Amino acid sequence: MIEEKELRSIIEQVFKEMNISGMTAEDMPKKDVPEMTECCAADEGYLPDVTAIDIRTQYLVENPQHKEEYSELKYNAPCRLGIGKAGARYKTLPVLEFRAAHSAAQDAVFSDVDRAFIEKMGFFTVQTQCSSKDEFLTRPDLGKKLNDEAVKTIKEKCRKNPTVQIYVADGLSSAAVAANVADVLPAITQGLQNQNIEVGTPFFMEYGRVGAMDEVTEILGATVTCVLIGERPGLITAESMSAYITYKGTVGMPEARRTVFSNIHKAGTGPVEAGAHIADIIKIMLEKKASGTDLKL
């Protein structure tokens, strides 16, 4: 077992690297990276929160040429560029950031959406033919089909023949649902109501894949169906959500008939803005009676 003195020494060395390698306020082209001060060092028993750093403003190359120009370009793309090296290896800080992002991505995939959040949104819950998270991840086909209880519940609780049916599915990121739905859904609903477009009864689908929306469409007779679903998380964000939208979808239809609005998150298209755009897309679908590649925006 590692001794406390040795552990303290390791932590202090890691923090020293992070403090030396991090950008200062004067180096930032747009905004500051959260400053890492001594109060966060080994004396308190923990390291700074590396997930709080905006990697768009992080530039760790020593003695760079054209730093200001490169930093300005990097700010417009959240990529892991200009992270520098320590000899032949990466520096400690970007390695910790990478591992933190990887952990967040795993958590988003394997965790469930908080039941308290579902209740707060006023959703009832239905489930696909997947009986567990493991089955959901290994049997994508079952995530596209509703179980018998779900079919019965949707028929009983949802408005029939709505012009627009919207629902939420966990997909591959519970974090995306928690981070975005509370803002996206009201923005869509308000945008449609302003156009006097009828909206059906929203609900939550557990272990849902995109294809399940076609069965929902057929069950309810919806003209347009929109599912808000968690995207497969990456190492930039685990909170990205997509909206898949179809006009008169049918089970077994080609994927080309779906319209998708993706990268809904705080560092992409913001939730409220995305909701307004989605409402406009739905309005156009209803006017042109088409979706996917058939829809000419």
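A salt bridge is counted here where a side-chain nitrogen of Lys or Arg lies within 4 Å of a carboxyl oxygen of Asp or Glu. In this predicted model, the side chains of K283 and E287 meet that description, with a nitrogen-to-oxygen distance of 2.7 Å. Both residues belong to helix α9, which spans residues 271–288, and they stand 4 residues apart, about one turn of the helix. K283 has a relative accessibility of 25%, and because buried means under 20% and exposed means over 50%, with partly exposed in between, K283 counts as partly exposed.

By this rule the count of salt bridges comes to 9, and some of them join parts of the chain that are separated in sequence. One of these pairs K133 with D112, whose closest N and O atoms are 3.7 Å apart. Here K133 sits in helix α5 (residues 133–138), while D112 is found in the loop between α3 and α4 (115–120), so that the pair links distant parts of the chain, 21 residues apart. The two partners differ in burial, since K133 is buried at a relative accessible area of 10%, whereas D112, at 43%, is partly exposed.

A second pair is formed by E206 and R115, with 2.7 Å between the closest N and O atoms. E206 lies in strand β5 (residues 204–206) and R115 in helix α4, so this salt bridge ties together parts that are 91 residues apart in sequence. In this case the acidic partner, E206, is the buried one, with a relative accessible area of 8%, and R115 is partly exposed, with a relative accessible area of 38%. Elsewhere, D214, E255 and R258 are linked to one another in a network of salt bridges.

Side chains of opposite charge can pair when their charged atoms come close. With that in mind, K74, in helix α2 (residues 67–75), deserves a separate look. K74 is buried yet has no salt bridge, and the nearest side chain of opposite charge, that of E97, is 7.6 Å away; because a salt bridge needs the nitrogen and oxygen to be within 4 Å, E97 does not serve as a partner for K74. The side chain of K74 does, however, have a polar atom that lies 3.1 Å from the backbone oxygen of I55.

The account can now turn from charged pairs to open space. The largest pocket holds about 640 Å³ of space. Of the 24 residues that line this pocket, T51, I53, I236, T237 and K266 are the closest to its centre. Helix α3 (residues 92–110) contributes the largest share of the lining, 4 residues, and by class the lining of the largest pocket comprises 13 nonpolar, 4 polar and 7 charged residues.

The second largest pocket contains about 470 Å³ of space and is lined by 20 residues, among which K144, R209, V210, G211 and I229 lie nearest its centre. Three elements, α8 (212–220), β6 (224–230) and β7 (241–247), each supply at least two residues of this lining. The lining of the second largest pocket divides into 6 nonpolar, 5 polar and 9 charged residues, whereas that of the largest pocket has 13 nonpolar and 7 charged residues alongside its 4 polar ones.

Terms used:
Residues numbered from 1 in each chain as written. Predicted model: local features only at pLDDT ≥ 70, side-chain atom pairs only at ≥ 80, totals over all residues. Heavy atoms only, no water. 1 Å grid on protein atoms, 1.4 Å probe; cavity = no way out; pocket = protein on both sides within 12 Å on 5 of 7 lines; lining within 4 Å. Points joined across faces, edges and corners; volume = space filled by probe spheres on them. Nonpolar A, V, L, I, M, F, W, Y, C, P; charged D, E, K, R; others polar. Buried < 20%, exposed > 50% of the residue type's maximum accessible area, 1.4 Å probe, protein only. Lys, Arg positive; Asp, Glu negative; His and termini not counted. Polar contact = N/O pair within 3.5 Å; in protein donor to acceptor, adjacent residues only side chain to side chain.
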